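Reader: Got a minute to walk me through this one? I'd like the sheet first, then the contacts.

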Amino acid sequence: MLVIAAIRSLLTYVAVSLYVLIVTPPGLLVSALSGAKAHLYVLGHIGVRLGLILAGIRVRIAGAEHVPHGRAAVYCSNHQSNVDPPVLFDVVHPRLHILYKAEFDALPILPHAFHYGGFIPVDRRNKEAALRSIDKGAESLRAGNSFLIFPEGTRSKTGELLPFKKGGFIMAIKGGAPVVPIAVQGGRDSMRKGSWIIRPVTVSIRIGEPIEAAAYTLDNRDQLIAATRRRIEAMLAQGPV
């Protein structure tokens, strides 16, 4: 089974890489000439779905009724594996922006698509740069764009929640957007930290009721963080969908 999973994973990486190399340059050219970005999200969703299908990743979702349609929100999820970001990007919101580690800007081609799509890199090694990114995200929220954040900052090796970083919550408060807690499970069984092999699994996503960040101030942001963490912990305790 491990050999089959390795072969399937290799085919997934090759197919998705070829897709990115073929469709991203013309997509970026259209964005550069027109200023449009909607087509980049369409291309992004096609690429993600291609990868998920080839890797055998299925998704079950509960609580979709909690998605606040018609307004920007900060979707806040736990983080167990590299499978989480593409799955959430594809199923939670049609045009989900992402706060991502600035280290990913070293990758070829994709960071350019991230830039045109409105994704925002965060350099946690530089506090001033990170604060500028948070302010930029708040401005984007006020303009009506929703964001996905992983407040743990990295993948949990055990599945237990790591301490939450404050940046995304500061962004939500400044942007006046609700925080939507998300509990994702199953990805860790697909792709363990340090492994490149993607095993076919069913990923479970629970979406909780939004928490109005406007009810908090920067001075009591820790209360918003604690409330969000409690809701994610409660959804994780319910088990997979």
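**Sheet, contacts and surface**

Author: β3 and β4 run parallel to each other and pair over three bridges. Strands count as paired if DSSP finds at least two bridges between them. Strands here are DSSP runs (E, at least two residues) and helices are too (H or I, at least four), numbered from the N terminus.

Reader: Before we go on, what kind of model is this?

Author: It is a predicted model: local features need pLDDT of at least 70, side-chain atom pairs count only at pLDDT 80 or more, and totals for chains, interfaces and linings use all residues. Residues are numbered from 1 along each chain as its sequence is written, and side-chain values use heavy atoms, with hydrogens and water left out.

Reader: Fine. Which residue of β4 is the bridge partner of Leu99?

Author: Ile120 is the partner of Leu99.

Reader: And how many residues of β3 are buried?

Author: Five of the six, so β3 is largely enclosed by the rest of the structure. Buried means under 20% relative accessible area, exposed means over 50%, and partly exposed is in between (1.4 Å probe, protein chains only).

Reader: What is the strand order of the whole sheet?

Author: β1-β7-β6-β2-β5-β3-β4. That is an open sheet of seven strands with mixed pairing. Its edge strands are β1 (58-62) and β4 (120-122), and each of them pairs on one side only. From one strand to the next, the twist averages 25°. Angles run from 0 to 180 degrees between N-to-C directions, with axes as lines fitted to C-alpha atoms.

Reader: Take β5. Which strands does β5 pair with in the parallel sense?

Author: Strand β2 (residues 74-77) is one, joined to β5 by three parallel bridges. Strand β3 (residues 96-101) is another, again parallel and over three bridges. On the β2 side, Cys76 stands opposite Ile149. On the β3 side, Ile98 has Leu148 as its bridge partner.

Reader: Which way do the β5 side chains point?

Author: Ser146 and Leu148 point one way, while Phe147 and Ile149 point the other way. All of them are buried.

Reader: Where does antiparallel pairing come in?

Author: Between β6 (residues 179-185) and β7, over four bridges. One pair there is Val184 with Ile205 of β7.

Reader: What does the side chain of Asn78 reach?

Author: The backbone nitrogen of Val184, at 2.7 Å. A polar contact means a pair of N or O atoms within 3.5 Å; within protein, one must be able to donate a hydrogen and the other to accept it, and residues adjacent in sequence count only if both atoms are side-chain atoms. Asn78 sits in the loop between β2 and α3. Asn78 counts as buried because its relative accessibility is 1%.

Reader: New topic. How many salt bridges are there?

Author: Six. A salt bridge is a side-chain nitrogen of Lys or Arg within 4 Å of a carboxyl oxygen of Asp or Glu. One of them joins Arg49 and Asp90, with the closest N and O atoms 2.8 Å apart. Arg49 is in helix α2 (residues 38-55) and Asp90 in helix α3 (residues 84-91), so this pair ties together parts that are 41 residues apart in sequence.

Reader: Is Asp90 buried or exposed?

Author: Buried, with a relative accessible area of 13%. Arg49 is partly exposed at 45%.

Reader: Which residue forms a salt bridge with Asp135?

Author: Lys174, with the closest N and O atoms 2.7 Å apart. Lys174 lies in helix α6 (residues 167-175) and Asp135 in helix α5 (residues 127-142), so the pair ties together parts 39 residues apart in sequence. Lys174 is partly exposed at 36% relative accessibility, and Asp135 is partly exposed at 36%.

Reader: Which residue meets Arg125 in a salt bridge?

Author: Asp123, at 3.1 Å, N to O. Arg125 counts as exposed, at 66% relative accessibility.

Reader: Last one. Where is Ser195 found?

Author: In the loop between α7 (187-190) and β7 (202-207). Ser195 is partly exposed, at 24% relative accessibility. A polar atom of its side chain lies 3.2 Å from the backbone nitrogen of Ile197. Ser195 is 18 residues from Ala177 in sequence and 36 Å from Ala177 in space, C-alpha to C-alpha.
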